[in-house]
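Work through the exercises below with the model in view. Try each task before you read its solution.

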Amino acid sequence: MATVKEEMETVVAKPNPAVPVPAAAHETVVIASDEWGPEAPPDHREFVRFTRLHRTLHVCMIVSFITLALTGMSLKFSFTGWARFMSRMLGGFQVAGFIHRTAAVIMFATFIAHIVDLCKLKKREYGSWKALLLGPNSMIPMKPDLLEFIATMKWFVGLGPRPQYGRWTYWEKFDYFAVFWGVFIIGSTGLTLWFPVFFTRFIPGSFINVATIIHSDEALLATGFIFTVHFFNTHLRPEKFPMDTTVFTGHMKLAELKRDKPREYEALLASGRMAQHLAEPHPAIVVKTIRLFAWMALSIGFSIIVWIIYAMLFAYR
Ligand code: HEM
């Protein structure tokens, strides 16, 4: 995942000549937009949280996951009218199977691109896996995450203040590793179903049945998790409702950074490097297009959940 250094590089690599960076630029962003004094006008620039590569990979993940879920569920719940409608739209169950495999290739490619990016990041900036994986911007859950989790539970019931979250919250780390786990389990069993002749050279034939059950149930779990818990954590919690576009635009407002990631905000100010992380907002048409895409993804995700609940409650055989 992106580190502060990496994002800095992205922004610094493409300076916007129209935006002069003041000598002590970090001082001009010390105050959130609602607290600007008369001598310090609000900085309209936005904080760059995700690089272009991260945004692209996330879109690839969304497109491939939704395609896999739609085509996979139309096989799993093939006895429902919805599944028949879906597969007719796609050109039949066989075509759905072909689309499923194509989307699986996109998902594998996305996953591999992320791993290659991590290897490059390690080489370029950290020197060792230990430094990358155990550093301050690591995605690995550590003791402070457990403490933040406990503090958050206390905050929920009014027994303490909101924790001072840093670059990655415990729920973001959880969602990240849920995908790692999911790709490993669903991917390996999916490949077994795709190439049964090859795999049964090494494993007993009965494992194909086991792989079908694991693939199918893990797919149900992943779909249920992504389109409810992940959607809620990211888009539906009160601070973000109805949608957080940060992962699509790569940008977040400074006031938002200060509120959502106070520890990261303070650290950037203290280092005097905040200005290097700022960029001009995207043109309105780009943001509108992004919102349209995000709304479509959210709507499809919620529809799949309704479809699954309906199939489980009223049509399951
Ligand atoms: C990423 C790699 C994946 C591969 C290689 C893969 C491959 C496959 C294959 C070969 C089948 C059998 C299809 C057929 O008989 O035509 C299948 C079925 C299925 N897949 Fe995947 N898949 C992958 C990911 C996913 C994901 C991410 C989901 C859902 C989120 C999913 C959901 C399903 C479901 C529900 C079935 C039907 C299982 C059943 O019959 O109960 N798959 N998959």
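**Helix H8 and the ligand shell**

The buried residues of H8 pack against H5, helix H7 (143-156), helix H9 (196-199) and H10. Packing here rests on contacts (C-beta atoms, placed from the backbone, within 7 Å). Helices are DSSP runs of H or I with at least four residues, and strands are runs of E with at least two, numbered from the N terminus.

This is a predicted model: local features need pLDDT of at least 70, side-chain atom pairs count only at pLDDT 80 or more, and totals for chains, interfaces and linings use all residues. Residues are numbered from 1 along each chain as its sequence is written.

**Exercise 1.** Find which residues in H8 are buried.

*Solution.* Start with the cut-off: a buried residue has 20 or more other C-beta atoms, placed from the backbone, within 10 Å of its own. In H8, Tyr170, Val183, Ile186, Thr189, Gly190 and Thr192 are buried. Then take the whole protein: of its 317 residues, 23% count as buried.

**Exercise 2.** Check the span of H8 against its end C-alpha atoms.

*Solution.* Take 1.5 Å times one less than the number of residues. H8 has 25 residues, so the expected span is 36 Å. Its end C-alpha atoms are 35 Å apart, which agrees.

**Exercise 3.** Describe the residues that surround the ligand.

*Solution.* Count residues whose C-beta atom, placed from the backbone, lies within 6 Å of the ligand. There are 23, and the closest are Gly72, Gly97, Gly190, Ser216 and Ala219. Helices H3 (52-76), H5 (93-126), H8 (170-194) and H10 (206-236) each give two or more residues to this shell. H3 gives the largest share, seven residues.

Note on methods. Near = placed C-beta within 6 Å. Buried ≥ 20, exposed ≤ 12 C-beta atoms within 10 Å, placed from the backbone. Contact = placed C-beta atoms within 7 Å.
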